[in-house]
Amino acid sequence: MALYRIADLNIKINHKHDYLTKLCRNYLHENQNAEIDFEVSASPDDYDKDKECLEGYSDGYLESISVYRQIAKKLLEYDGIILHAAVISVDGKAYAFSAPSGTGKSTHIRLWKEAFGDKVKIVNGDKPLLRLIDGRLYAYGTPWCGKEGYNANTKAELYSICFISRAKENSIERIDPNTALPKIFTQLLLPDSEAQTDKFFSMLNVIFDRVKFYSLGCNMDIQAAHVAYEGMKA
């Protein structure tokens with residue numbers, strides 16, 4: 001077990017396998033005796049369920065998924081929520097790209113790096129955490145970031161969420177909250193208890209109050225990054 005600094009929180013993680021130690025190495029707290037915000041460990045029930053539906057994965061990987069699920073549940077108490085998206089920051093603004101797995105989120109953020117170079121910082125490639133702090137909504141990098149390993153122990157204020165779909169031609173449009181709601185709902189970890197429900201919907205309201213939503217139809221050409229940036233930067 002060790003103390004980690006994730007999303008500006010001191011989180012003690014109890015684990016058995018080296019997989020999680022390696023996964024979280026860049027988030028290890030420099031002061032292992034610092035005050036703990038909360039503590040998590042792999043849930044035996046979750047672990048067994050994951051084994052049933054994720055055949056072929058190591059016990060270490062399954063433990064890490066269970067631990068992140070526990071972190072996400074506790075995060076609601078700290079005005080936070082997990083989002084299935086790839087997040088980059090440009091000039092201090094975070095842009096989140098959300099879509100079903102396999103649609104091309106990771107490819108799209110690589111196009112931004114290719115198009116804009118060091119101006120683009122990758123925050124997280126798959127499962128960032130969002131937290132409301134002092135009236136601002138931040139996207140945080142986490143060790144849980146998809147198979148490409150895109151992440152940084154950093155944060156940036158979330159400016160927009162863009163839903164990606166594949167298209168022959170690149171185009172982007174801003175969408176209203178009613179259109180965005182069913183899209184984002186499928187990309188959030190839903191509460192599993194009545195006690196968490198109020199907190200969950202409170203965070204959902206925070207997101208809709210502070211974030212602009214867009215729909216991007218794109219191909220895998222570098223021009224897709226330019227179209228997305230020009231459409232969202234205003």
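I began with the lysines placed over aromatic rings: in this predicted model, the charged end of K93 sits over the ring of Y159, 4.2 Å from its centre. I then looked up K155, which lies over the face of Y138 at 4.6 Å from the ring centre.

**Aromatic rings**

From Y159 I went on to the ring it shares a group with, and found that Y159 belongs to one aromatic cluster together with Y95, F97, W112, F116 and Y229. Across the structure I noted 16 aromatic pairs. One of them is formed by Y95 and W112, whose rings are 5.7 Å apart centre to centre with 40° between the planes, and I entered this pair as tilted. The pair links distant parts of the chain, since Y95 is in strand β6 (residues 93-98) and W112 in helix α4, 17 residues apart. I checked the accessibility of both partners, and Y95 and W112 are both buried.

**H108 in helix α4**

I next turned to H108, which is found in helix α4, spanning residues 105-116. Its relative accessible area is 0%, so I recorded H108 as buried. The side chain of H108 is joined to that of W112 by a polar contact of 2.9 Å. Leaving aside residues up to four places away in sequence, I listed what H108 touches: F97, I164, L216, C218, A224, A225 and A228. F97 in that list is also a member of the aromatic cluster, as is W112.

**D221 and its loop**

I placed D221 in the loop between β12 (212-218) and α7 (223-232). With a relative accessibility of 40%, D221 counts as partly exposed, because the buried class ends under 20% and the exposed class begins over 50%. A polar atom of the D221 side chain lies 2.9 Å from the backbone nitrogen of Q223. I also compared D221 with K168: the two are 53 residues apart in sequence, and their C-alpha atoms are 9.8 Å apart in space.

**Helix α3**

For helix α3 (residues 59-75) I noted 17 residues and a reach of 24 Å from the first C-alpha to the last, close to the 24 Å expected at 1.5 Å a residue. The buried residues of α3 include G60, L62, E63, S64, Y68, Q70 and L75. I asked what covers the buried residues of α3, and the elements I found include the strands β2 (9-14), β3 (38-41), β4 (80-82) and β8 (129-133), together with the helices α1 (18-23) and α2 (44-53).

**Salt bridges**

I counted 10 salt bridges in the structure. In one of them the side chains of D192 and K73 meet at 2.7 Å, N to O. D192 lies in the loop between α5 (177-185) and α6 (194-210), while K73 is in helix α3, so this pair ties together parts that are 119 residues apart in sequence. D192 counts as exposed, at 52% relative accessibility.

A salt bridge also joins the side chains of D8 and R5, at 3.9 Å from N to O. D8 is partly exposed at 31% relative accessibility, and R5 is partly exposed at 32%.

I then looked up E77 and K74, whose side chains meet in a salt bridge of 3.4 Å, N to O. E77 has a relative accessible area of 49% and is partly exposed, and K74, at 27%, counts as partly exposed. Finally I noted that salt bridges with shared partners join R5, D8 and K155 into one network, and K155 is the lysine I had entered over the face of Y138.

Key. Residues are numbered from 1 along each chain as its sequence is written. This is a predicted model: local features need pLDDT of at least 70, side-chain atom pairs count only at pLDDT 80 or more; totals for chains, interfaces and linings use all residues. Side-chain values use heavy atoms; hydrogens and water are left out. Helices (H or I, at least four residues) and strands (E, at least two) are DSSP runs, numbered from the N terminus. Buried means under 20% relative accessible area, exposed over 50%, partly exposed in between (1.4 Å probe, protein chains only). A polar contact is a pair of N or O atoms within 3.5 Å; within protein, one must be able to donate a hydrogen and the other to accept it, and residues adjacent in sequence count only if both atoms are side-chain atoms. Contact means heavy atoms within 4.5 Å. The expected span of a helix is 1.5 Å times one less than its number of residues. Rings of Phe, Tyr and Trp (its six-membered ring) pair if their centres lie within 6.5 Å; planes under 30 degrees apart count as stacked, over 60 as edge-to-face and the rest as tilted. A charge sits over a ring if NZ of Lys or CZ of Arg is within 6 Å of the ring centre and within 35 degrees of the ring normal. A salt bridge is a side-chain nitrogen of Lys or Arg within 4 Å of a carboxyl oxygen of Asp or Glu.
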